[in-house]
Protein chains: 2
Amino acid sequence: MPASKTSKKLSIRDIGRELGISITTVSFILNGKAKEKRISEALTEKVLKFVEEVNFKPNMMAQGLRTGKSKIICLMVEDISNNLLFAQVARLIEEEAHNKGYRIIYCSTDNKKEKALELIRLFRDRSIDGYIITPPEGIENEVQSLINEGIPVVLIDRNLPKLKCSHVVIENLNSTNEAINHLIANGFKNIAFVTLDSEQTQMADRLGGYEKALSDHGLKPYIKKLGFHESPEQNIREIVSFLGENKNIDAVFFATNYIGVWGLQAIKILNLRIPDDIAVISFDDQDLFKFYSPSITVVAQPVPDISNHIIKLMLNALEEKDTGVHEIVLPAKLIVRESSSLKNT
Amino acid sequence: MPASKTSKKLSIRDIGRELGISITTVSFILNGKAKEKRISEALTEKVLKFVEEVNFKPNMMAQGLRTGKSKIICLMVEDISNNLLFAQVARLIEEEAHNKGYRIIYCSTDNKKEKALELIRLFRDRSIDGYIITPPEGIENEVQSLINEGIPVVLIDRNLPKLKCSHVVIENLNSTNEAINHLIANGFKNIAFVTLDSEQTQMADRLGGYEKALSDHGLKPYIKKLGFHESPEQNIREIVSFLGENKNIDAVFFATNYIGVWGLQAIKILNLRIPDDIAVISFDDQDLFKFYSPSITVVAQPVPDISNHIIKLMLNALEEKDTGVHEIVLPAKLIVRESSSLKNT
DNA sequence: GAAAAATGCTAAATCGATTTAGCGATATTA
DNA sequence: TAATATCGCTAAATCGATTTAGCATTTTTC
């Protein structure tokens with residue numbers, strides 16, 4: 001096929017002129033209102049055929065100006081590059097959005113309240129039809145004001161409990177609980193939990209699952225909280241000293257994938273063998289955990305399922321098929337690998 | 001701060017009415033044309049102050065309709081989730097784009113010609129100001145027609161040599177050549193090259209760098225080409241049989257990061273020790289290679305540098321500061337790790 | 001056969017900005 | 001002092017769609 005001619009862009013007006021009809025009629029037909037507006041079938045078909053022939057595409061700016069809708073969804077994540085989870089979600093929601101005529105812009109908050117507020121302010125009043133957000137703590141008011149304006153918001157990965165807002169999260173408490181119970185069942189007794197210094201729901205729930213398992217079995221907790229905004233090097237050092245100071249720890253749960261990566265480095269530095277010296281489980285699956293020696297047991301999130309729910313909630317809200325508040329909680333899956341195998345006692 | 005009042009959105013007309021001046025004046029001032037249009041300083045300041053006070057933001061749809069510019073850049077990559085490289089680029093170009101008032105939509109081609117054409121057709125005539133593309137083979141005509149329409153295009157990761165089009169790539173030939181020479185210098189003699197069945201420039205150049213090194217040293221090439229659209233499992237099987245059938249191979253270069261991951265699995269399946277039985281180098285760095293046992297030598301791309309060039313080229317073209325064709329070729333870096341250490345002869 | 005209803009279509013207002021052409025008042029020039 | 005230039009600002013057209021209100025015809029109703 002040759003490169004298309006650099007003809008001027010067609011407008012609905014051109015279509016009308018060519019066919020000798022009004023732009024109103026063309027508009028009605030293109031918007032599927034032919035029946036409703038009693039346009040004859042003959043004309044309807046003629047117009048559709050012509051539009052197809054000349055490959056006319058309505059100008060989105062004009063449509064947007066008139067209707068107030070941009071057909072743009074904002075995907076606001078912690079960091080699209082830092083956590084494969086978010087890139088995967090981005091990939092999976094993309095196609096469905098395009099199918100429905102929506103485009104997706106992305107931005108990264110770095111999990112910072114200020115950055116998130118800045119971004120919401122940057123985009124609000126700029127005709128974004130809907131927001132998919134991994135909310136940092138403290139942006140409740142801004143999110144609420146989006147909701148107040150009738151703009152669909154879907155929170156993902158974590159929730160803002162003070163708000164009545166649709167969200168898609170996983171069973172953080174249960175899945176972590178299951179993972180810790182698996183360690184306990186395998187004979188580990190001094191189980192540490194390395195997490196972030198964060199009150200976000202997903203982190204709080206994971207900690208809750210850990211604490212429940214320990215108290216159910218009368219075990220002593222070892223909890224280490226890291227700073228999200230510290231450098232990886234600093235956090236690795238923190239894990240090294242934590243594990244170094246608590247030499248009786250025989251298993252450790254890392255509450256996110258990147259903490260898991262830091263943790264593995266710390267364990268390497270300490271020259272500990274997995275699982276003989278220390279058993280390991282991490283949240284979130286990724287290649288590194290699959291192929292590490294030994295392979296690492298993980299709590300894996302059902303990414304395709306999560307993504308489907310996200311985009312379905314968003315599209316239903318945008319098309320006003322279902323604007324209700326939905327709280328989707330999906331199960332996560334413990335994938336047992338070598339790093340948590342039965343302890344020799 | 002309380003949630004903002006759900007007041008109606010302000011328009012330039014409201015500003016004019018409030019201040020008792022025409023919308024023309026407001027528009028001139030907001031567009032920085034106050035001087036040029038001889039608006040008095042007093043009025044200019046008054047307007048700017050008021051606009052700031054009421055937090056007025058012009059309607060992008062209206063602006064877009066009038067100016068024909070959407071302030072949207074399309075980032076079209078192979079797969080935003082499959083290759084961390086692309087997610088990292090996405091992250092790094094995002095901020096700079098926002099600073100200049102641009103938003104970024106993304107889409108994934110799966111490296112398929114048809115998908116890419118479909119996406120370009122989906123977005124063209126939909127007011128996208130510029131395209132950043134990792135082009136699959138065979139979309140030359142479509143890209144050319146974008147260029148013909150004066151829409152800025154920056155190709156990344158690979159080039160379309162038939163086109164005069166700005167691009168940002170790395171020194172694939174030299175860097176691969178250096179990596180192979182490193183293997184040769186370390187005593188490896190039967191060096192295999194596992195790549196894709198693809199004519200794309202980056203893959204061709206990597207192969208070229210391999211072939212040059214081998215012919216420079218009079219060594220015999222062992223080349224295996226995999227199908228990009230085969231399943232990982234199938235490709236792993238392919239590598240297993242390839243290495244199995246050529247038992248004299250003592251080193252292998254994997255031409256992309258995901259091939260590297262497949263390759264490591266194949267080597268595990270074959271129960272070969274790295275580097276004693278087989279030395280390994282992969283293109284592209286990532287956690288898995290850093291922390292693998294043994295750690296994997298890689299050719300690392302300078303991602304921040306790449307991203308800076310991409311967004312700078314794009315913004316300069318969009319702002320018509322520099323609409324010329326620029327061919328940026330950046331050096332990649334060989335990071336020597338355990339997997340390619342000196343062969344004991 | 002006249003009034004009412006249905007049919008098939010359109011004129012014109014509107015969304016909110018940008019931009020061209022130009023108006024009245026004052027200042028400068030000759 | 002009359003012609004011209006400058007100053008400071010504005011009216012109105014325009015971008016390309018959607019949508020309300022309504023206009024001729026034709027058909028139905030009684």
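## Strand pairing in chain A

In this predicted model, strands β8 (residues 251–254) and β9 (residues 279–283) of chain A run parallel and are joined by four bridges. Within this pair, A251(A) is positioned opposite A279(A) of β9(A).

Both strands belong to an open sheet of six strands in chain A, whose pairing is mixed and whose order is β7-β6-β8-β9-β10-β12. The edges are formed by β7 (222–226) and β12 (333–335) of chain A, each of which pairs on one side only. On average, neighbouring strands of the sheet are turned by 20° against each other, direction ignored.

## Helix across the sheet

Helix α10 (residues 232–245) of chain A lies across three strands of that chain, namely β6 (191–196), β7 and β8. Relative to β7(A), the helix runs at about 165°.

## Surface around DNA strand D

DNA strand D is surrounded by 29 residues, of which I12(A), S27(A), R66(A), T25(B) and R66(B) come nearest. Of the atoms of DNA strand D that come within 4 Å of the protein, 52% belong to sugar and phosphate. By class, this surface comprises twelve nonpolar, eleven polar and six charged residues.

## Polar contacts and contributing helices

Two phosphate contacts are listed here. An N or O atom in the side chain of S27(A) is 2.5 Å from a phosphate oxygen of DNA strand D, and a polar side-chain atom of Q63(A) lies 3.3 Å from a phosphate oxygen of that strand. The side chain of T24(A), by contrast, has an N or O atom 3.3 Å from a base oxygen of DNA strand D.

Elements giving two or more residues to the surface near DNA strand D are α2 (23–30) and α4 (60–67), in chain A and in chain B. The largest share, five residues, comes from α4(A).

Notes
Residues numbered from 1 in each chain as written. Chains lettered and ligands numbered in written order. Predicted model: local features only at pLDDT ≥ 70, side-chain atom pairs only at ≥ 80, totals over all residues. Heavy atoms only, no water. Pairing = 2+ DSSP bridges. Axes fitted to C-alpha atoms, helices over the stretch in contact; angles between N-to-C directions. Contact = heavy atoms within 4.5 Å. Near = heavy atom within 4 Å. Polar contact = N/O pair within 3.5 Å; in protein donor to acceptor, adjacent residues only side chain to side chain. Nonpolar A, V, L, I, M, F, W, Y, C, P; charged D, E, K, R; others polar.
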